[in-house]
Every structure is written in C-alpha cells, then in structure tokens.
Amino acid sequence: MIKHEEFKSLEPRFKIKCSAFHQGATIKRLLPSTTSHIASHRMVKPNNSHEVTFLAGEECLYSVVKRSAISLGWKVIGEEASDKVKRDCHVIWVDKSFANDKRFVSIQPWQRINHFPGMTNICRKVRLAQSLELMKKKFPREYSFFPTTYVLPLHLAAFRSLFPNGQSMSTFIIKPDGSAQGKGIFLTKRIEDVENLSTMCVAQQYIRNPLLIEKKKFDLRIYVLVTSCCPLR
C-alpha cells in the first residue's frame, strides 16, 4: 500500500464524462496539477469535506486493505452504510472480478477506483491471448516471447490437429479465461479432455522441464503501479 505522502504526490489525470460514456469517448485527461490528489480541492466532494472516505464494502475482500486505509487516516465506509454515503466515497475498492465497465458511468471526477476502463483486455486470458497473437503477426520478433495460444473452443479444430489419433506427445496446459490462483488449470495430452469444456479457456504447450522450487511450480512477478494510461505513467 502506498504511503500517504507518496499517494499525495500522484497526479491523477482521468475523469469520466458520463454524457460521453455512451458515445465511446469515456476518458478525458485532466490537466497536470500538483494539487490534484485525494486531499486537494480537485478531489473534494461537493460538500467541501476534507475527510477522505474509503468504500470497503462486500467487494473489498482483504482486511489488509482496510487496515492500510485506516493507517492513512481515511474513514472506512462499510457495506452497512446508506447507498448515498457509499456512492459519495472518495476511494472505491473492488477485489472481485471487474468485467463490466458500466460501473465507470457513475464515477465522478473527484473519485478514484482501483481499476481502469477496458482493463479486461489484458487481465482476461482470452482477450490477452487474442491481442498478443495479433501483435505477433505484425511484430513476430518483438512478440516471440510467448508460445502459440489457442482459444478454446474457438480454435478447437486447429488445436485438434495437434493430437493425432486423439493423443499428443507434448503436454498442454489449459487455463480458464476468468479464473485465478490456479483454479481450474489442468495438464493434458488427450484431445477428449478439452472437447466439452464448460467455459472458454486458453491452451498452450507446456514447458517440458520447468524450473521448480522444491518440486513445485512458481511465479516470478513484478508489480507496477500505473497512475495514468494516457500518457502511460
């Protein structure tokens, strides 16, 4: 969690124009300003209150988030609060799946939410795979860092061609589009395992000898704080 003084130094450059949302022009840049942060006049609600309210309702799943907000001196608003109080919070925190951008319609210029419009294009596996494959066709050398990805059942016919007589010498990893934390992931060498999937998945050839820690697969992740999409910061 960002410290209070670090948070104050950020310069949010976005606001939602509700009238323009339905026309596709949803995001407008705010002019750079050293005063456009949570505690400043740009981020103050119409009642001119300088108290920062933090909505930690039923979609805020982790207690560490609430504790961090309290440590910053923010007032935490729970699910039991009235709809008006929740609607007027400065900061809205959502840990659940955020696949519908309609929520951004009601966000005001003085509010912040921990998501960006259209972020499902990179955080959902199917859309990310489709975008990467398109870029790979245009820039094959720059986008050679990831394996060929099949979207199932959309690419089932092409994927089936890799399984002579229904079997493959290679192992493939299958991942559900919207799951996380390893849920629903499985390995297979048989095409019959993917012919009747109940949800969209992505499939990739599995690394034969992956690097393991105590015989377990692991992730090495780098977390980046994105404070602006246009320009990218």
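Trainee: Which residues does Lys86 touch, not counting residues up to four places away in sequence?

Mentor: This is a predicted model. Lys86 has its place in helix H4, which covers residues 83-87. Leaving out residues up to four places away in sequence, Lys86 touches Leu55, Ile77, Gly78, Glu79 and Ala81.

Trainee: Is Lys86 buried or exposed?

Mentor: The cut-off for buried is under 20% relative accessible area. Lys86 has a relative accessible area of 15%, so Lys86 counts as buried.

Trainee: What is the strand order in the open sheet of four strands?

Mentor: The pairing in this sheet is parallel. Strand S3 (residues 53-55) and strand S5 (residues 91-92) are one of the pairs, joined over two bridges. The order of the four strands is S4-S3-S5-S6.

Trainee: Why is one side of S4 and of S6 left without a neighbour in the sheet?

Mentor: The order of the sheet is S4-S3-S5-S6. One side of strand S4 (75-77) and of strand S6 (112-113) has no neighbour in the sheet because each stands at an edge, with a single partner strand.

Trainee: Which residue is the bridge partner of Phe54 in S5?

Mentor: Strands S3 and S5 pair in the parallel sense. General background: strands of a sheet pair through backbone hydrogen bonds. In S5, the partner of Phe54 is Val91.

Trainee: How many bridges join S8 to S9?

Mentor: Strand S8 spans residues 167-176 and runs antiparallel to S9. Ile173 stands opposite Leu187 in S9. The number of bridges joining S8 to S9 is four.

Trainee: Which residue in S10 is the bridge partner of Lys175?

Mentor: S8 also pairs with S10, in the antiparallel sense and over five bridges. In S10, Lys175 has as its bridge partner Val202.

Trainee: Which side chain is joined to that of Thr188 by a polar contact of 2.6 Å?

Mentor: Thr188 lies in strand S9 (residues 186-190) and is buried, with a relative accessible area of 3%. Beyond its neighbours within four places in sequence, Thr188 is in contact with residues including Ser170, Phe172 and Val194. The polar contact of 2.6 Å joins its side chain to that of Asp193.

Trainee: What is the N to O distance in the salt bridge of Arg190 and Asp193?

Mentor: Arg190 is partly exposed at 35% relative accessible area, and Asp193 is partly exposed at 28%. The side chain of Arg190 also meets that of Glu192 in a salt bridge of 3.3 Å, N to O. For Arg190 and Asp193 the N to O distance is 2.9 Å.

Trainee: Which residues are joined into one network by salt bridges that share partners?

Mentor: The count of salt bridges comes to nine. Among them is the one between Arg221 and Asp219, with the closest N and O atoms 3.0 Å apart; Arg221 and Asp219 are exposed. The residues joined into one network through shared partners are Glu79, Asp83 and Lys86.

Trainee: What is the area of the nonpolar surface patch made by Leu211, Ile213, Phe218 and Leu220?

Mentor: Leu211 lies in the segment after strand S10 (201-205). At 66% relative accessibility, Leu211 counts as exposed. The patch that Leu211 makes with Ile213, Phe218 and Leu220 has an area of about 470 Å².

How values were computed. Residues are numbered from 1 along each chain as its sequence is written. This is a predicted model: local features need pLDDT of at least 70, side-chain atom pairs count only at pLDDT 80 or more; totals for chains, interfaces and linings use all residues. Side-chain values use heavy atoms; hydrogens and water are left out. Two strands pair if DSSP finds at least two bridges between them. Buried means under 20% relative accessible area, exposed over 50%, partly exposed in between (1.4 Å probe, protein chains only). Contact means heavy atoms within 4.5 Å. A polar contact is a pair of N or O atoms within 3.5 Å; within protein, one must be able to donate a hydrogen and the other to accept it, and residues adjacent in sequence count only if both atoms are side-chain atoms. Patches are made of residues with over 30% relative accessible area and no salt bridge: like charges are joined within 9 Å, nonpolar side chains (Val, Leu, Ile, Met, Phe, Trp, Tyr) within 5 Å. Accessible areas come from the Shrake-Rupley method with a 1.4 Å probe; for residues, only the protein chains shown count as cover. A salt bridge is a side-chain nitrogen of Lys or Arg within 4 Å of a carboxyl oxygen of Asp or Glu.
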